[in-house]
Amino acid sequence: MLRVAVIGSGPSGVYTAEALTGQHQLPDIAVDVLDRLPCPYGLVRYGVAPDHEKIKSLQNNLRRVLEDPRVRFLGNVEVGEGLAPERLREMYHAVVYCVGSAADRRLGVPGEDLPGSYPATRFVSWYSAHPDEAAGGFPLDAKSAVVIGVGNVAVDVARVLARGADELRHTDVPDAALRALAAGEVTDVHMVGRRGPSQAKFTTKELRELGTLADADVLVREDELALDPAYADPSALPAVARRNVEVLRQWAGRPPAGRSRRIHLRFFLRPQELTAGPDGRVSAVRFVRTVPDGTGGVVDTAASEEIDAQLVLRSVGYRGVPVPGLPFDPARGVVPNDAGRVLRDGVVAPGEYVAGWIKRGPTGVIGTNRPCAKETAAGLLAHASALMARPLPADPLDALRAAGARPVAWPGWLAIEAAEAALGASLGRGTVKIPDWSGLLAAARGGAG
Ligand code: NAP
């Protein structure tokens, strides 16, 4: 039997398990899917915004894979210092790292770490009930918030800030976050790109959704959009960029409807500095006005602009984090690999693989991980007989326990799900996520986990 460990139960990990078990030449395979958290699904559970129920329902597809009898979910197992890759190699014929890109990219400007300025990924983790962010309290008494970056994460956090809590009550957003959002005072959200509208990274569906919020106007400035040469005639742009520009053009001609919140979409402003008020907290972001350089980039002008902000969310992309004991390319934030086969000093490391963002960087939608995982799985299966030639000790679960792990297995996760349904019922809501480690582990151990 081929024994494989997949590290990470987000989309790339689960798609890897699916690809490994989906082929028929090798029916004798056992795949352990390990995760640092007691809950599966990675960014589908802890990244997809709570009001994106349709994308969240992808969990049902991922679940089917984890319920395959040849697949075993083992949560609450952290790979790294305590459980090194070297040790895992003794327990499994092959190990596939699908650990994503867990950190945020830095802006590299003065004031970035002032109180009141956060990576958007932390805000996402907070409203998604990630247990590492249970204590997260954001200054939602801010009137004006600046979101730096114009990707889909920026759109998510701007939308959550601009939605009333009433619009989120039916979702699984944790109760403390819902109460904090309900008490929030943010009226103006400024989402700011350093380049032009035709270079924005958000997708059109997500952009358009901003225009559908019950109590928020979307405001764009025609003169600012017109700095982009493609604004007047977007026909030569790639499809997504063209549609984005078309949506922005419609909004440019639309008067505000006087709703109580406003989302200001701004472009050609490069963040230069975050400045503090007398209380030491962030009070504004200073931007330099940029203009197109004719090759897709921008150059600074002498003009600048300051936008008031008591809350700043820096949404400039994710970044991979090294796994102790695995090689890492700090420039790209990925594990060096050849089509998913880990390279140590440029040489293929037998039995070590990567898939997802840690393989190719933090880009693409969830579905992009499927072909990526398939490529890695195909490379692994092509070497199955050589990998299986190495004898292994019996069930790796014993070795994991001996290494100090206290795994939460599938019944433990089912117990968490049941506890979250019960919590929601007690609050008069649907399922409500448990936001802290102790609550999750207590729920899991209360089951058969
Ligand atoms: P992203 O798409 O890479 O966008 C990052 C944004 O930050 C860009 O606008 C970028 O501008 C800007 N930026 C980078 N460095 C900057 C700097 N130093 N100063 C100012 N701006 C800077 O990243 P993301 O939004 O974190 O999304 C990550 C991935 O997850 C994407 O593939 C995204 O589509 C996906 N995602 C999808 C959904 C969905 O489908 N609903 C939701 C969330 C995330 P430049 O272009 O100028 O570099």
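**View A. Asp32 in strand β2 of the predicted model.** Asp32 is buried, with a relative accessible area of 3%. That value puts Asp32 in the buried class because the class takes in residues under 20% relative accessible area. The residue belongs to strand β2, which spans residues 29-34. Its side chain makes a polar contact of 2.6 Å with the side chain of Tyr92.

**View B. Arg314 in strand β14 and its contacts with Glu112 and Ser117.** Strand β14 covers residues 311-314, and Arg314 lies within it. Like Asp32, which has a relative accessible area of 3%, Arg314 is buried, here with a value of 4%. A polar atom of the Arg314 side chain lies 2.8 Å from the backbone oxygen of Glu112. The side chain of Arg314 also makes a polar contact with the side chain of Ser117, at 2.7 Å.

**View C. Strand β4 and its pairing with β1 and β18.** Strand β4 is formed by residues 94-97. Ala94 and Val96 point to one side of the strand, while Val95 and Tyr97 point the other way. All four of these residues are buried. Strand β1 (residues 2-7) pairs with β4 in the parallel sense, over four bridges. Strand β18 (residues 347-354) also pairs with β4 in the parallel sense, over three bridges. Tyr97 appears in both pairings: Ile7 stands opposite Tyr97, and Tyr97 stands opposite Val354 in β18.

**View D. Helix α1, residues 11-21.** Of the 11 residues in helix α1, 10 are buried, so the helix is largely enclosed by the rest of the structure. The buried set begins with Pro11, Ser12, Gly13, Val14, Tyr15, Thr16 and Ala17. It continues with Ala19, Leu20 and Thr21.

**View E. Helix α6 and the residue Ala129 that follows.** Helix α6 spans residues 120-127 and is mostly covered, with seven of its eight residues buried. The buried residues are Ala120, Thr121, Phe123, Val124, Ser125, Trp126 and Tyr127. After α6 comes Ala129, which has a positive phi, near 65°.

**View F. Polar atoms of the protein close to ligand oxygen atoms.** A polar side-chain atom of Arg195 lies 2.8 Å from an oxygen atom of the ligand. For Val150, a backbone N or O atom lies 3.0 Å from a ligand oxygen atom. A polar side-chain atom of Lys201 lies 3.2 Å from an oxygen atom of the ligand. On its own the ligand has 920 Å² of accessible area, and the protein covers 85% of that area.

**View G. The residue shell around the ligand.** The ligand has 21 residues around it, of which Val150, Val153, Arg194, Arg195 and Gly364 come nearest. By class, the shell consists of eight nonpolar, seven polar and six charged residues. Helix α7 (residues 152-162) supplies the largest share of the shell, three residues. Both domain 1 (2-102 + 319-407) and domain 2 (106-316) contribute to the shell, with at least three residues from each.

Definitions and conventions
Residues numbered from 1 in each chain as written. Predicted model: local features only at pLDDT ≥ 70, side-chain atom pairs only at ≥ 80, totals over all residues. Heavy atoms only, no water. Near = heavy atom within 4 Å. Polar contact = N/O pair within 3.5 Å; in protein donor to acceptor, adjacent residues only side chain to side chain. Areas by Shrake-Rupley, 256 points an atom, 1.4 Å probe, with all protein chains shown as cover. Helix = DSSP H or I, 4+ residues; strand = E, 2+ residues; numbered from the N terminus. Nonpolar A, V, L, I, M, F, W, Y, C, P; charged D, E, K, R; others polar. Domains from an automatic or database assignment. Buried < 20%, exposed > 50% of the residue type's maximum accessible area, 1.4 Å probe, protein only. Pairing = 2+ DSSP bridges.
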